[in-house]
Structure formats: structure tokens, C-alpha cells
Amino acid sequence: MGLVSQVFQEEDLLHLQGKAAIGHTRYSTTGSSRIENAQPFLVDGPNGLIALGHNGNIINADLLRTELEAEGRVFQTSTDSEVIAHLVATAPGRDWGERMAYVMRRAQGAYCLTILTNEGVIAVRDPLGIRPLSLASIDGGFCYASETCAFDHLGARFIRDVEPGETLLITKDGIESFKFKEQEREAFCIFEYVYFARPDSYLRGERVYPVRMALGAKLAQEHPVEADIVIGVPDSATAAAVGYAHESGIPFAEGLVKNRYVGRTFIMPDQRIRDQGVHIKFNPLREVLEGQRVVVLDDSIVRSTTIRRVVRMIRDAGAREVHLRVTMPPITHPCFFGIDMGRRWELIAAHSTVEQIRADIGADSLGYLSREGLTSATGQTADKFCMGCFTGEYPMEVPQELDKLGLEPPAWARDHRDIDWETSNVPNRHREGEPVPMKIQPVPAKAP
């Protein structure tokens, strides 16, 4: 448990002798944040002992787990990643290409995998390519990473992305590639461009930083305003603020300083901790903001916890006007594929208009980037992305609501087993800290 720098010291690394390894830093989207759910998972089976690391979400993990338990597999955790580890360890096939093709036919959802075997190191990307995974060369060998910026720190040379539906096996003899089948479509997560990826990474051959600048420029075109300075909510919206400033001609300034020791607040486990995190996350510069009409760029509004306090901070620092610009359309639906946005009733845009959100956060104006502006900034077409979080149209059939994938109910659900959850009276209940009832019903995917 803890950060890499806290867990691995030099004396620990000295004991790690070998020619192949995988590692994983866990961003918890299913299963509690506890040591039993930490990855990689070590699982034995007919295909030998494997260690597996997983990025994403398997949306049919509960069904797969039931089948695997019926076959005698024993589970130690509540996470979907252990389910796919057992699925890989027991997959039939003559080689890893056939075995992973079986896994791809069975597992539904998002999964980038690194798998350590006795034969070599495997990398797998789901057929829709929802999350990124890349290959590089280093010191006569090879390495995988979920973001290309990791290669830069290691001095590795980027080779290419692992393709959707591809399995790569690195052995002492080199690299072998297995392709599941030719895909009719891709569904890369567009949130990676806007927020999740680091700005110095490459996604689909494009550096993220200039894409975020283009997002800001598009916002300046779609939502111009008379103002004195442009600032970004650091760090993910800084590049977009630079792009907005360049396009609008309004000077860019740094009006907020981020506390580098505070992480992402929208993924913290409960509202109380999110509130505390926001309180110490940013510090406004009064000398920059006082008396100014300020345009504030932010990457997204999920629950509105962070931005509401940011707007208040900027006003308290003396700003005359605060105009908020957001580099995504309104987020109205939850993510089922590896980003923990919460349930739909927690998303402010799911039950509020843009004007209601503007009034709620206390801004003088609010402008969201359009879907067309978002995809245009990436230089790609909308059919290459998953944009379900603001369209409700997912690349596959998903449950209406997702809580721990049925493997581990949340505390409030465990305490209210006899209640028939309904979706009525959802607006504003999230502010009172009440669990909002939801029925679980499948939502069909829109045909490609």
C-alpha cells in the first residue's frame, strides 16, 4: 500500500534479480483499497504460474467469477482484475495467441494487461482499445507502459502502440504478435486526452499537450468573453488555458498554485475527504487576481466539488468576474471502463442545466466545449472514441449503474438490501449525503 517511492527503496530493488518483471500502481475502480486487492496478482493454473496487472474494468466480472468458481477456482479478493487473472490462467489454447483470443471472446469491458509467465512477458489490449498501452526498446530488451512518458524517464525508445485486440509476447528470442481479429471500430477513451494522461505522453501518435492547447483554442472560439486574464486550474487545464489565451488574445497568467502533495480530488472515496482535499489543493495569488475579470479553464466538471471551491477562492482573492470554460461537454453518465466518476446521481450535469450549474458554482458565465470541438481538437473523428460519459451511448451493452461490478456492494447498499431502489427525486439529494436508489437494468449499446 502507498506510493511507489514509499514502497520501493534501494535496498528492496537490490533483491529483485532477473530478466523479466511487471509492476502496477493501482487506481482503484473495483474492490476496496486494501492490500489484498493490490496488483499484480499471482495465479496458478493449467497454463502455469502467471502474474497479471490490469488497467480498466471488466463489466461482466460477476458472471465470469461465478463460472470460474463453479470450475473450482478460489478467489481471495473483490476485484475484477483477479477474475481476469483466473480467466487467463485457465484459458484453453495451444499458445498464448489462442488463449488470449479466448479471453477476448469472454471478457467484456476495458483491459490493458501485462502478464509475466515462465515463457516471457505478455501485453494485451482489449479489442476496442479503450485504454492506452505502448511498446519500447531499452538496453537490448523491451518494455511496456500504459503511458509513453514512462519510457522517457527510463531512456527507452518508443516503438509503437499495442494495437486494439493485439497480444504481444516478449521472449529471449524477440517479440511475437497475435491479433484477435480485425475490428469494425475502436473506442479509445477521450477522457485520456482531456485529463487522465500526462501532458508529455503521446496518444495515438499525438503529444497530449498541444491537443489540450487546441481544446482551449476551440473554447475561445465557441465561448468568447471580455476579460483581463486567463488562468488554468492546475495542472491538467494549464495547457488549455494557454491555448485559450493565444486564440483570444487575453493574457495568460498563473492565478492558482497547486499543492503538489494533494492528489486527484474527484476520485477520492467519499465527499468529506474530497472536501478536505480541495481545501488544501490550491492557493490563489491575490496579486494576480485582484480586480481582474478572470477566465478560468478547467478540464471537466464531474461532481462540481472542486470547481465550486475554486471559483469561491478566486472571488475571495478579489476577482471582479469569474468566467468558467470547460474542455469537455457536460458529463452526464458514469464511466464503466476504468475511470471512477461515481454513480449517475452524483454527476451534477445529469440532473442540472448549464445555467443551473453556473449558478450552483457561482460563476458569472459557464461554457462547455462542444462534442464537435472536442473531437476536432484531437484531429480525429468521433467514431474512434468512447464518449459515453457525456452521450450515454457506450461501445457495448452496460449495466445502468455499476457498483463494484457486483463483487463487493458499497456500504449503503449492504445496509439497505430490502429497499426497491427507484430513480425519482434525484436532483440535489447528493448534497445531503443520502444514498440515491437506482434500479439495475441493462442499457443497450448504440450500433456502430
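Okay, one definition before anything else: a residue is called buried when its relative accessible area is under 20%, exposed when it is over 50%, and partly exposed in between. Keep that in your head, because E67, with a relative accessible area of 38%, is therefore partly exposed. And one caution: what you see on the screen is a predicted model.

So, let's start with E67 and its partner. The side chain of E67 forms a salt bridge with the side chain of R106, at 2.3 Å from N to O. Where do R106 and E67 sit? R106 belongs to helix α5, residues 96-106, while E67 belongs to helix α3, residues 61-70, and the two are 39 residues apart, so this pair links distant parts of the chain. R106 is at 23% relative accessibility, so it is partly exposed too.

If you're wondering what makes such pairs possible, side chains of opposite charge can pair when their charged atoms come close. How many salt bridges does the structure hold? The count is 18. Let me show you a couple more.

Next up, R303 and E346, whose side chains meet in a salt bridge at 3.5 Å, N to O. This pair also links distant parts of the chain, 43 residues apart: R303 is in the loop between β16 (293-298) and α12 (305-316), and E346 is in the loop between β17 (321-326) and α13 (354-361). Are R303 and E346 buried or exposed? R303 has a relative accessible area of 10%, so it is buried. E346 comes in at 12%, so it counts as buried as well.

Then there's D360 with R308, a salt bridge of 2.8 Å, N to O. D360 lies in helix α13 and R308 in helix α12, so the pair ties together parts that are 52 residues apart in sequence. R308 has 21% relative accessibility, and because the cut-off for buried is under 20%, R308 counts as partly exposed. Some salt bridges share partners, too, and in that way E226, D228, R293 and R320 are joined into one network.

Now, on to a couple of helices. Take a look at α9, residues 238-248. Which residues of α9 are buried? They are A239, A240, A241, V242, G243, Y244 and A245. The elements that cover them include α8 (208-222), β13 (229-232), β16 and β17. Right after α9 you get G249, which has a positive phi, near 80°.

Helix α14, residues 371-378, is my other one. Here G373, L374, T375, A377 and T378 are buried. What do the buried residues of α14 pack against? That would be α7 (191-196), β12 (206-207), α8, β19 (385-386) and α15 (388-391). After α14 comes G379, again with a positive phi, near 75°.

Stay in that area for a second and find Q380, in the loop between α14 and β19. Its side chain makes a polar contact of 2.9 Å with the side chain of Y193. Leaving aside neighbours within four places in sequence, Q380 is in contact with Y193, R204, T375 and F385.

Let's jump to strand β2, residues 50-58, where you'll find L52. L52 has a relative accessible area of 0%, so it is buried. And what does L52 touch? Not counting residues up to four places away in sequence, the list is I22, Q39, P40, F41, S81, I84, A85, V88, L113, T114 and I115. Also, the C-alpha atoms of L52 and H24 are separated by 9.0 Å, with the two residues 28 apart along the chain.

Last topic: empty space. Rolling a probe the size of a water molecule over the atoms shows where empty space is left. A search of the whole structure turns up two cavities of 30 Å³ or more. The largest cavity has about 100 Å³ of space. It is lined by 15 residues, and the closest to its centre are C189, C335, F337, C386 and C389. What kinds of residues make up that lining? It divides into 13 nonpolar, one polar and one charged.

The second largest cavity holds about 60 Å³. Its lining is R125, P132, L133, D161, F188, Y202, L203 and R204. Those residues divide into five nonpolar, no polar and three charged. You've already met R204, by the way, as one of the contacts of Q380.

That's my tour, thanks for listening!

Definitions and conventions:
Residues are numbered from 1 along each chain as its sequence is written. This is a predicted model: local features need pLDDT of at least 70, side-chain atom pairs count only at pLDDT 80 or more; totals for chains, interfaces and linings use all residues. Side-chain values use heavy atoms; hydrogens and water are left out. A salt bridge is a side-chain nitrogen of Lys or Arg within 4 Å of a carboxyl oxygen of Asp or Glu. Helices (H or I, at least four residues) and strands (E, at least two) are DSSP runs, numbered from the N terminus. Buried means under 20% relative accessible area, exposed over 50%, partly exposed in between (1.4 Å probe, protein chains only). Contact means heavy atoms within 4.5 Å. On a 1 Å grid over the protein atoms alone, a cavity is a set of points where a 1.4 Å probe fits but cannot get out, and a pocket is an open set with protein on both sides within 12 Å along at least five of seven lines; lining residues have an atom within 4 Å of a point. Grid points are joined across faces, edges and corners, and a volume is the space filled by probe spheres set on the points. Ala, Val, Leu, Ile, Met, Phe, Trp, Tyr, Cys and Pro count as nonpolar, Asp, Glu, Lys and Arg as charged, and the others, Gly among them, as polar. A polar contact is a pair of N or O atoms within 3.5 Å; within protein, one must be able to donate a hydrogen and the other to accept it, and residues adjacent in sequence count only if both atoms are side-chain atoms.
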